[in-house]
There are 2 protein chains.
Amino acid sequence: MDLKFLQELIMPAQTKIAMIIMDGLGGLPLEPGGKTELETARTPNLDALAAQSALGLTVPVGPGITVESGPGHLGIFGYDPIQFRIGRGMLEAVGVDFALEPNDVAARGNYCLVDAAGVVTDRRAGRIPTDVSKELSKLLTTQIEDVEFLVETVKEHRMAIVMRGPGLGSALTGSDPQKNGLPPLPVRALNPDSEKTVRLVNQFVDRARKLLAAYTPKQPANMILVRGFDSYPDLPAFSQVFGLRAAAIAVNPTYRGIAKLVGMQVLPVEGGMVTDEFTTLEKNWNEFDFFYLHVKNTDIAGEDGDFARKVSVIEEVDGLMPRLMALQPDVVIVSGDHSTPAVLKGHSWHPVPTLVYGKYVRADGIAEFGERACARGSLGVLPAKHIMPIALANAQRLAKFSG
Amino acid sequence: MDLKFLQELIMPAQTKIAMIIMDGLGGLPLEPGGKTELETARTPNLDALAAQSALGLTVPVGPGITVESGPGHLGIFGYDPIQFRIGRGMLEAVGVDFALEPNDVAARGNYCLVDAAGVVTDRRAGRIPTDVSKELSKLLTTQIEDVEFLVETVKEHRMAIVMRGPGLGSALTGSDPQKNGLPPLPVRALNPDSEKTVRLVNQFVDRARKLLAAYTPKQPANMILVRGFDSYPDLPAFSQVFGLRAAAIAVNPTYRGIAKLVGMQVLPVEGGMVTDEFTTLEKNWNEFDFFYLHVKNTDIAGEDGDFARKVSVIEEVDGLMPRLMALQPDVVIVSGDHSTPAVLKGHSWHPVPTLVYGKYVRADGIAEFGERACARGSLGVLPAKHIMPIALANAQRLAKFSG
């Protein structure tokens, strides 16, 4: 069932859908036979919601496949992440509010440290402060031949590099060796259309190296690494495909970026806490049909291997759920973009606990939101991209298919 | 998600995966409301393993589809059995260690008995002894025009016929009427490329009939039936697709054959018992990353309609499981290639009970290995081909998909 098929069935309605994404929500027990982070968390509000919901486990891309945030979000937003791809560079660029143009090529860059022999000694240059990084990015912004190189700091050592000009391709390998102790890799063109880009990127990197070496009074970095080259993705707009005025509420630039790429309106959040995100939700409730609200700290705690902290972030979200429910949403989805079990200290392939609540949901009557509870749910184990049509149906926004 | 997509994510690791396939494992109760063969069997070791596993029911090819061993095994080996096909003839030929060449055409043959009117009275010629059958196969081996007909007895009345020469096709119908009381069917070409093959096959069968009629002192068979014509399959190698040094442990030629066709190394088994297969597993444990161990007698008991014998074969395998677990495998899969319920006396379409065990498996905590227990498991009902990526993920052999 592709998006075009679905789009033909879309019909207007007054209903509202809220999608709460706890990043890396799915987990694992610390000990065999134990409970996961979500099962450990005290979540009276989510449990009560689960009792009135259909439960299931979502698979972001395919069985056994661990995903980055990009494909993980595309899946839960209803797009097939194998068919539709967004590279890292594009995500970073959109995340820092670059007003991208369709022919731009974007890459992810790192400020780094290399030794006298050119070997990378610190891929993150000690996570240099963001304000210092911003100074460096201004310095690196330039034009080479007929191509602009627009550099913007994302955070700390991370930058987005946007190339704008004629004849650019995005089929390039990166220079980041992915670990310290190795020299940067040569950037190579994977097709003839990208040869000009490689030539200019090499000039840009060489210029950056010289500028950083000459930086005074104190040198925060002496080299850059580039990777994740890609061009503007050809994604059908979320609002058009699903017939929704869609808003995104996220603090972290990457998630604001992906929401913008699919065509959601990204709302400002005053303050960086989850409670601030719920405040944004409340303030904008009347203006949109669909709200995506992203919680980052579940993933960060998982990546840090901090089981207890992940539990407490989930409990924090649980405590805010009454504010969402007070708005009387027609359909609520609570899920994640992938699993990040604390025991693995990273993203994993495990299916993601998911609930779909609504007046017309056939509720499973399972009063618990957790991995094992969701495994017993009536949604079964399903591709994440199936959640959007299920949500639309429950919001009475899909017409009958007559053949 | 196709094999090429998966192949790009493969990364090396030191982990080991063991796949125990009980042929025709899935079953049915003798009486409504009763237990299946697997549910009836006393399986303390498999039950304990199930408690630490994710459970599910695998569908070999598609809902409602009953499969032969070939597609059943392709599925559990991670190949789409509709996209990739291996015919019966090719399986039989590889099973008897024919050194096949890429342009060979192979068929399955039966020695049989026909009456004076040419009607088949016994499709298996009383399951003639293998040594007699081998004599007949030597007699039948010949060359017709520029094509060699290489005949090799598989077991009893079963033979593999390999045709080698220019201009052969494999789009042929078989002559086996599939039951006694009917005459052999005419072999027909399904496309013009196979017309020469049909002409020569008819000459070969006619020659065989005359030679068998003249065989002295005692005529064991007086006709042959041919079916399952096919050419060498174009399968990507298991080792390359999944990045595994893979070994196959099977006694029955058909299963050695399919393992060889996908590119596994087939290990010698001294003795024909399941315990001997486990001895081979132990002896070769250090040399490979992946082991496929095949148990044939569950299927034979099912085909014979012998519920109790199937139960006891399952119990025999259960008793050997501690020998596998003592090797400390990282990931264990226990499943079947299809169901063979004793009450149906044949293969069936029923999904196959499956467990996936491993340190990072999100265990369901269901301490029972059986059809109903697996229906409650978190793997859900899933295509058999999804098991390999799940196993690879749990063996930490798949990189993250970044879009």
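How many residues of chain B are in contact with chain A, and how many residues of chain A are in contact with chain B? The legends below take up this point first and then turn to the enclosed and open spaces of the model, which is a predicted one.

**Figure 1. The interface of chain B and chain A in the predicted model.** The contact involves 25 residues of chain B and 27 residues of chain A, and the two chains bury about 2,100 Å² between them, with 66% of this area on carbon and sulfur atoms. On the side of chain B, Arg362(B), Lys400(B) and Phe401(B) lose the most area to chain A, and together these residues account for 36% of what that side buries.

**Figure 2. Polar contacts and composition at the interface of chain B and chain A.** Across this interface the rule finds 0 salt bridges, whereas 7 residue pairs are found in polar contact, both residues of each pair being at pLDDT 80 or more. Helix H1 (3-7) and helix H14 (387-394) of chain B are the elements that give two or more residues to the side of chain B that touches chain A, and the largest share, 4 residues, comes from H14(B). By class, this side of chain B comprises 14 nonpolar, 7 polar and 4 charged residues.

**Figure 3. The largest cavity, lined by residues of chain A and by Ser402(B).** A search of the whole structure finds 1 cavity of 30 Å³ or more, and the space in the largest cavity amounts to about 40 Å³. Its lining consists of Glu68(A), Ser69(A), Gly70(A), Ile86(A), Gly87(A), Arg88(A) and Leu91(A), together with Ser402(B). The elements that give two or more residues to this lining are helix H4 (69-76) and helix H5 (88-95) of chain A, and the lining residues divide into 2 nonpolar, 4 polar and 2 charged.

**Figure 4. The largest pocket and the residues closest to its centre.** This pocket holds about 1,600 Å³ of space, and of the 49 residues that line it, Glu68(B), Ser69(B), Arg88(B), Lys296(B) and Glu303(B) are the closest to the centre. The lining is made up of 18 nonpolar, 13 polar and 18 charged residues.

**Figure 5. The second largest pocket and its lining.** With a volume of about 1,200 Å³, this pocket is lined by 36 residues, of which Arg88(A), Arg158(A), Lys296(A), Asp299(A) and Glu303(A) lie nearest its centre. Elements of chain A that each supply at least two lining residues include strand E3 (105-114), strand E6 (147-155) and helix H10 (274-284), while the largest share, 4 residues, comes from H11(A). By class, the lining has 8 nonpolar, 10 polar and 18 charged residues.

Methods
Residues are numbered from 1 along each chain as its sequence is written. Chains are lettered from A and ligands numbered from 1 in the order in which they are written. This is a predicted model: local features need pLDDT of at least 70, side-chain atom pairs count only at pLDDT 80 or more; totals for chains, interfaces and linings use all residues. Side-chain values use heavy atoms; hydrogens and water are left out. Contact means heavy atoms within 4.5 Å. Buried area is the accessible area (1.4 Å probe) that two parts lose on being put together, summed over both. A salt bridge is a side-chain nitrogen of Lys or Arg within 4 Å of a carboxyl oxygen of Asp or Glu. A polar contact is a pair of N or O atoms within 3.5 Å; within protein, one must be able to donate a hydrogen and the other to accept it, and residues adjacent in sequence count only if both atoms are side-chain atoms. Ala, Val, Leu, Ile, Met, Phe, Trp, Tyr, Cys and Pro count as nonpolar, Asp, Glu, Lys and Arg as charged, and the others, Gly among them, as polar. On a 1 Å grid over the protein atoms alone, a cavity is a set of points where a 1.4 Å probe fits but cannot get out, and a pocket is an open set with protein on both sides within 12 Å along at least five of seven lines; lining residues have an atom within 4 Å of a point. Grid points are joined across faces, edges and corners, and a volume is the space filled by probe spheres set on the points.
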